[in-house]
Amino acid sequence: MPRPAPPSDDRVIEVRGLRMSYGSTEVLTGVDLTVSAGEVVCLLGPNGAGKTTTIEVLEGFRLPSAGHVRVLGADPARADDAWRARVGVVLQSWRDHARWTPRRLLEQLGGYYAPYATAERPRPYDVDWLLDVVGMTEFADRRIGTLSGGQRRRLDVAVGIIGRPELLFLDEPTAGFDPQARRDFHDLVHRLSDLEGTSILLTTHDLAEAERLADRILVLADGRIVADGSPDALTRQVAGTSEVRWACGRERFVHGTDDVVAFVRGLFEQHGDALTDLEVRHASLEDTYLAMVQRFEAGARSAPALEVTR
Ligand SMILES: Nc1ncnc2c1ncn2[C@@H]1O[C@H](COP(=O)(O)OP(=O)(O)OP(=O)(O)O)[C@@H](O)[C@H]1O
């Protein structure tokens, strides 16, 4: 169950009117978003929508064309090392240090965070502990260049969190993960969020993953956030209809309805014992998302942004 959002003065990310152009192409046309302390927020959107661009701006790796951007109270483009030590980043790919071992890389990187340790937040994490929680103990002393794609990705995650970040950006963190690694990663996200109070903004193309992890989902399309709400609320709001399939003797029927209970009651009243099969399929987040994106891609530029629903 999604947790209730913390109060609004607890914001770790605040973005208003973010615009970003590459040459004459405007990718972000006015992004507004917030993330509160301890929230897990998932940024969805089709390929090329601008998710990575948005995250790179928030990380301070890219200068926006316009807009107000505050991350942990600072402008990321001008933030100092102390700010950077509070932020963890898992990018889409990390290809350095092929000859190092994961253990050595994590020990080296961890050392950079030690000066920024505080009483409430000792830094960095213990390397052995971290290797264990990302499922890397077995590969800890192998050369990074010999690891498989999924093993590298686990290392990417470890690199992103070694400094015990207060805020973590994850750009498609589970791309290339096998089902077990994916499940382990989901446990890790819950652990970071629930036990460490880490705020997390992640992108994914896996809707089931978004549904499982996110307190709140943001959909980026047409250069802006077109939906913002809990997975349940979005599903109810956009794809409110459920599909009812039934059979009477040999004939099969299908009907979309907002009120499944009333419809099914009507079916029983009308057909009684003649009903030989009945199936109800509720709309999923995937249905919702696809309906929403198709609407925007079909050019419904004037479609209103959905309400913030939590
Ligand atoms: N450095 C760049 N120079 C020019 N155009 C760029 C640059 N980086 C990204 N783009 C363009 O900006 C748009 C948004 O790219 P971005 O990588 O932010 O999208 P995304 O939503 O993360 O996509 P994906 O889901 O495929 O990872 C794309 O059309 C991309 O081609």
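Modeller: Two strands pair if DSSP finds at least two bridges between them; helices (H or I, at least four residues) and strands (E, at least two) are DSSP runs, numbered from the N terminus. The model is predicted: local features need pLDDT of at least 70 and side-chain atom pairs count only at pLDDT 80 or more, while totals for chains, interfaces and linings use all residues. Residues are numbered from 1 along each chain as its sequence is written.

Biologist: How far apart do the C-alpha centres of domain 1 and domain 2 lie?

Modeller: The bounds, which come from an automatic or database domain assignment, are 8-230 for domain 1 and 235-309 for domain 2. The C-alpha atoms of the protein chain fill a box of roughly 75 × 45 × 35 Å along the principal axes. Between the C-alpha centres of the two domains, the separation is 35 Å.

Biologist: In the open sheet E2-E1-E4, which strands are the edge strands?

Modeller: This sheet has three strands with antiparallel pairing. Strand E1 (residues 11-22) is joined to E2 by nine bridges, and Met20 has Leu28 in E2 as its bridge partner. Pairing on one side only, the edge strands are E2 (25-36) and E4 (66-71).

Biologist: Which helix gives the most residues to the shell around the ligand?

Modeller: The residues around the ligand (C-beta atom, placed from the backbone, within 6 Å of it) include Tyr22, Val27, Gly45 and Lys51. By class, the shell has three nonpolar, six polar and one charged residues, where Ala, Val, Leu, Ile, Met, Phe, Trp, Tyr, Cys and Pro count as nonpolar, Asp, Glu, Lys and Arg as charged, and the others, Gly among them, as polar. With three residues, spanning none outside its run of 51-59, the helix that gives the most is H1.

Biologist: At about what angle to E10 does helix H9 run?

Modeller: Strands E11, E10 and E12 form an open sheet in that order, with antiparallel pairing. Six bridges join E10 (residues 242-248) to E12, and the partner of Ala247 in E12 is Asp277. Axes are lines fitted to C-alpha atoms, for helices over the stretch in contact (C-beta atoms, placed from the backbone, within 7 Å), and angles run from 0 to 180 degrees between N-to-C directions. Helix H9 (residues 260-271) lies across E10, E11 and E12, and its angle to E10 is about 10°.

Note on methods. Two residues are in contact if their C-beta atoms, placed from the backbone, lie within 7 Å.
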